[in-house]
Amino acid sequence: MGMTELGTERSTAVPHGSAGQQRRRVIKASAAGTVIEWYDFTLYGLAAALVFGPLYFPGAGSLAGTMAAFGTFAVGLGARPIGGLVFAHFGDRIGRKPMLLMTLLVMGASTTLIGALPTADAIGVWAPILLIVLRLFQGAGAGAEFAGAITMVTESTDSSRRALSSAYPGAAIYVGTGGATAIFALLTLMPDDLFLSWGWRIPFLASAVIVLVAGYLRLKVNETAVFEEAAQHGEVDRAPLVEAVRNHWRQILCGLALFSFVIPWAYVMQVFALSFVTKTLGVDSTQALIGLIVAEFCAIPVILGFGRLADRIGRKPVLLAGAVFGIVFPFPMFMMLDTRSPWMVGLALILGICLVQGTTSGPGGALLSELFPTKIRWSGIAISREIPAAVVGGTIPLVATALVAVAGGTPWLVASYLMGLSVVGLIGIALLPETLGRSVGARTHAEAAS
């Protein structure tokens, strides 16, 4: 099925019980899982930037230790497509709900165990090895989480509110990242010896509590009626990943381009920028963290606002605006950071996070869900999102750090790299069709029989 072959009718499937009640429950459960996903990943990124180098790679120098810690960050992103595709395969075969429960448990357990992991001083070389293993599991669980959440939310919502509904998991990203950053910022106020010995572990161990809450919410959610309808009429594919690549490769290529722009921006703003302004520019770490916290919490209403806008004017105009901003903003952003002023640093973080992530989170999720049919929806979104997450997203803190070193401490190569990725995103978005009004339901009985 090509891009233009999808119907424009709304799905006639009705969720169990009240459609509105199911939609609200799905949004809460999906958003809760996204909170834990990004709480976990943000904690790891912050710890990689601030503490993992000396604790788990003590034999390396300052730069080498930072790059080694960012290397373990990249390992987690490398595991994302593997876990994401495995969970997506079974999510498209046996259902959305059971796989989303599984991803939640894998993520939460891995993060909690990282908080209890002894350092290199205690167990030597086993410390970085176990850190990498836990990071692999954390990445594998997180790899399917957002794609699954978007799938479940959009299948429970009609087209007139689909971008707004998919914006809730997008906004939940910044509940998780903002919460993790706020906790970490408070803990950095501790004396350095206490923070490095046990203070940094507290937010990792607290992950277990968030997982329990999110798990409870997900247990109360029904399987989507759209998936049940597809299963009832034999529309569940035995090999959804193969089907997605074979018959929907154009959509996937454009999705890869979209997320090759979106995901690196997120990690530059939340991981690399923090390390750059504190270690290279000498900005106080607490002030930098406060600026990041403000930016992340400002992103929440902005994401919801752009989601609502995309339901009124279409997905593509909002996405294209975000990509254009991604092209023009990198050099001004680094000029703002270079002032070392807490106010200018904070403003740069706010603009970079709010206007890139704000324009892409809700519209991007809605557009992709409307591009792929039910039987491969989770798989199509996961392929489109998680491969760029591994190839350009997970590596960008490491690559950016190396580019700064090559450029003699200046960030202009990083800015050029961001501009290039934003151009790739712009091209991918331009080649996608507008999907406002399209159905995410299973095919009709006549289509299924033909």
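**View 1. Arginine 385 and glutamate 386, both buried.** In this predicted model, the two residues pair up in a salt bridge, with their closest N and O atoms 2.9 Å apart. They don't sit in isolation: salt bridges with shared partners tie Glu37, Arg80, Arg385 and Glu386 into one network. Across the whole structure, a search turns up twelve salt bridges.

**View 2. A salt bridge between aspartate 311 and arginine 315.** Here the side chains meet at 3.0 Å, N to O. Aspartate 311 has a relative accessible area of 12%, so it counts as buried. Arginine 315 is buried as well, with its relative accessible area down at 0%.

**View 3. Helix H16 and its buried side.** H16 runs over residues 330-338, and Pro330, Met333, Phe334, Met336 and Leu337 are its buried residues to look for here. These residues span an arc of only 155 degrees around the axis, which means they lie on the same side of H16. Who does the covering? Among the elements packed over the buried residues of H16 are helix H13 (249-280), helix H15 (315-328), helix H17 (342-371) and helix H20 (412-431).

**View 4. Just past H16: arginine 340.** This arginine follows H16 and has a positive phi, near 65 degrees. Arginine 340 also makes a salt bridge with aspartate 338, where the closest N and O atoms are 3.7 Å apart. Are these partners buried or partly exposed? Arginine 340 is partly exposed, at 42% relative accessible area, and aspartate 338 is partly exposed too, at 37%.

**View 5. Serine 166 in helix H7.** H7 covers residues 162-187, and serine 166 is buried in the model, with a relative accessible area of 0%. What does its side chain reach? The answer is the backbone oxygen of glycine 362, at 2.8 Å. Setting aside neighbours within four places in sequence, serine 166 touches Ile150, Val153, Thr154, Ser361, Gly362, Gly365 and Ala366.

**View 6. A nonpolar patch on the surface.** Ile123, Val125, Trp126, Ile129, Leu130, Val133 and Phe137 make up this patch, and together they have about 620 Å² of accessible area. Helix H6 (residues 126-155) is the top contributor, giving five residues. Isoleucine 129 is placed in H6, and at 36% relative accessibility it counts as partly exposed.

Notes: Residues numbered from 1 in each chain as written. Predicted model: local features only at pLDDT ≥ 70, side-chain atom pairs only at ≥ 80, totals over all residues. Heavy atoms only, no water. Helix = DSSP H or I, 4+ residues; strand = E, 2+ residues; numbered from the N terminus. Buried < 20%, exposed > 50% of the residue type's maximum accessible area, 1.4 Å probe, protein only. Polar contact = N/O pair within 3.5 Å; in protein donor to acceptor, adjacent residues only side chain to side chain. Contact = heavy atoms within 4.5 Å. Patch = residues over 30% accessible without salt bridge, like charges linked within 9 Å, V, L, I, M, F, W, Y side chains within 5 Å. Areas by Shrake-Rupley, 256 points an atom, 1.4 Å probe, with all protein chains shown as cover. Salt bridge = Lys/Arg side-chain N within 4 Å of Asp/Glu carboxyl O. Arc of directions from axis to C-beta.
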